[in-house]
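User: I've got a model open here and want to know what backs up the labels people put on it. Can you take me through the reasoning?

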Amino acid sequence: MVEKTLETLFHETLKDMYYAERKILKALPKMERAAAHPDLKAAFEKHRMETEVQVERLQQVFEIFGKRAQGKTCDAIEGIIAEAEQIMDDFKGQPAIDAGLASSAQAVEHYEIARYGTLARWAGDLGLKDAKALLVATLNEEEATDKALTTLAEASLNPSAKAA
């Protein structure tokens with residue numbers, strides 16, 4: 001039996017996030033089309049463009065780590081996206097659709113923040129300074145997206161859903 005080390009854990013989590021980001025890339029256009037509020041549509045478009053760059057960063061991290069970029073099924077992101085799809089179905093044309101979509105997007109962000117924070121810490125522990133910098137850059141973007149979604153939800157999406 002092969003010994004499983006922090007390197008193994010880092011590699012497995014990296015594959016998990018590579019799968020997740022690519023799955024998110026497919027989900028964001030659907031969420032953008034389902035959104036009613038123009039600012040939420042714009043937020044989804046902006047995040048889609050950021051996610052494309054984040055996938056490229058992950059590919060660079062794999063290269064730094066000396067491994068081929070490949071994903072493995074991420075059950076967590078599968079579940080979060082399934083919930084988002086359920087909201088799109090259940091709330092289509094309803095006043096609360098945008099609040100629900102923002103909430104789903106934030107669930108994605110929170111998962112990504114947790115994972116990228118861990119990956120960045122492990123990259124540092126493993127002496128992968130360049131990989132850590134790439135992971136921290138993505139972590140910072142995920143945190144900024146989460147804050148922007150919170151601001152949008154509090155300022156407009158939640159009050160619109162409540163008032164209707």
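User: Let's start with the largest pocket: what is its volume, and which residues are closest to its centre?

Analyst: Bear in mind that this is a predicted model. The largest pocket has a volume of about 200 Å³. Its lining counts 18 residues, and A43, F44, H47, T145 and L149 are the closest to the centre.

User: Which elements give two or more residues to that lining, and which gives the most?

Analyst: Helices α1 (6–34), α2 (38–65), α4 and α5 (129–163) each give two or more. The top contributor is α2, with six residues.

User: Now charges. How many salt bridges are there, and what makes R115 and D16 one of them?

Analyst: The structure holds nine. For R115 and D16, the closest N and O atoms are 4.0 Å apart. The cut-off is within 4 Å, so the pair counts as a salt bridge. This one links distant parts of the chain, with R115 in helix α4 and D16 in helix α1, 99 residues apart.

User: Why is D16 called buried while R115 is called partly exposed?

Analyst: Buried means under 20% relative accessible area, and partly exposed runs from there up to 50%. D16 has 9% relative accessibility, so it counts as buried. R115 has 30%, so it counts as partly exposed.

User: What makes K46 and E50 a salt bridge, and how do you know that they are about one helical turn apart?

Analyst: Their side chains meet at 3.2 Å, N to O, and that is within 4 Å, so the label fits. As for the turn, K46 and E50 are four residues apart in helix α2, which means a separation of about one helical turn.

User: And which of those two is buried, and which is partly exposed?

Analyst: E50 has a relative accessible area of 16%, which is under 20%, so E50 is buried. K46 has 48%, which is not over 50%, so K46 stays in the partly exposed class.

User: Why is the R57 and E141 pair said to tie parts of the chain together?

Analyst: The side chains meet in a salt bridge at 2.8 Å, N to O. R57 lies in helix α2 and E141 in helix α5, so the bridge ties together parts that are 84 residues apart in sequence. Both R57 and E141 are buried. Elsewhere, E12, K15 and K72 are joined into one network by salt bridges that share partners.

User: What about E142 in helix α5? Why does it have no salt bridge?

Analyst: E142 is buried, and R57, the nearest side chain of opposite charge, is 7.2 Å away. A salt bridge needs the atoms within 4 Å, so E142 doesn't get one. The side chain of E142 does have a partner in the side chain of Q54, at 3.4 Å. That is within 3.5 Å, so the pair is called a polar contact. Setting aside neighbours within four places in sequence, E142 is also in contact with residues including E21, H47, E109 and Y116.

User: How do you know that D98, in helix α4 (residues 97–125), has no salt bridge?

Analyst: By the same kind of check. D98 is buried, and K41, the nearest side chain of opposite charge, is 7.4 Å away, so the 4 Å cut-off isn't met. A polar atom of the D98 side chain does lie 2.8 Å from the backbone nitrogen of A36. Beyond four places in sequence, D98 touches A35, A36, H37, L40 and L157.

User: What makes E7 partly exposed, and what does its side chain pair with?

Analyst: E7, in helix α1, has a relative accessible area of 39%, which falls between 20% and 50%, so partly exposed it is. The E7 side chain makes a polar contact with the side chain of T5 at 2.8 Å. Leaving aside neighbours within four places, E7 is in contact with F65 and L126.

User: Last one: why is M88 called buried, and what does it touch?

Analyst: M88 sits in helix α3 (residues 75–90). Its relative accessibility is 14%, under the 20% cut-off, so M88 counts as buried. Beyond four places in sequence, M88 touches K30, M31, A34, I97 and L101.

Key. Residues numbered from 1 in each chain as written. Predicted model: local features only at pLDDT ≥ 70, side-chain atom pairs only at ≥ 80, totals over all residues. Heavy atoms only, no water. Buried < 20%, exposed > 50% of the residue type's maximum accessible area, 1.4 Å probe, protein only. Lys, Arg positive; Asp, Glu negative; His and termini not counted. Polar contact = N/O pair within 3.5 Å; in protein donor to acceptor, adjacent residues only side chain to side chain. Contact = heavy atoms within 4.5 Å. 1 Å grid on protein atoms, 1.4 Å probe; cavity = no way out; pocket = protein on both sides within 12 Å on 5 of 7 lines; lining within 4 Å. Points joined across faces, edges and corners; volume = space filled by probe spheres on them.
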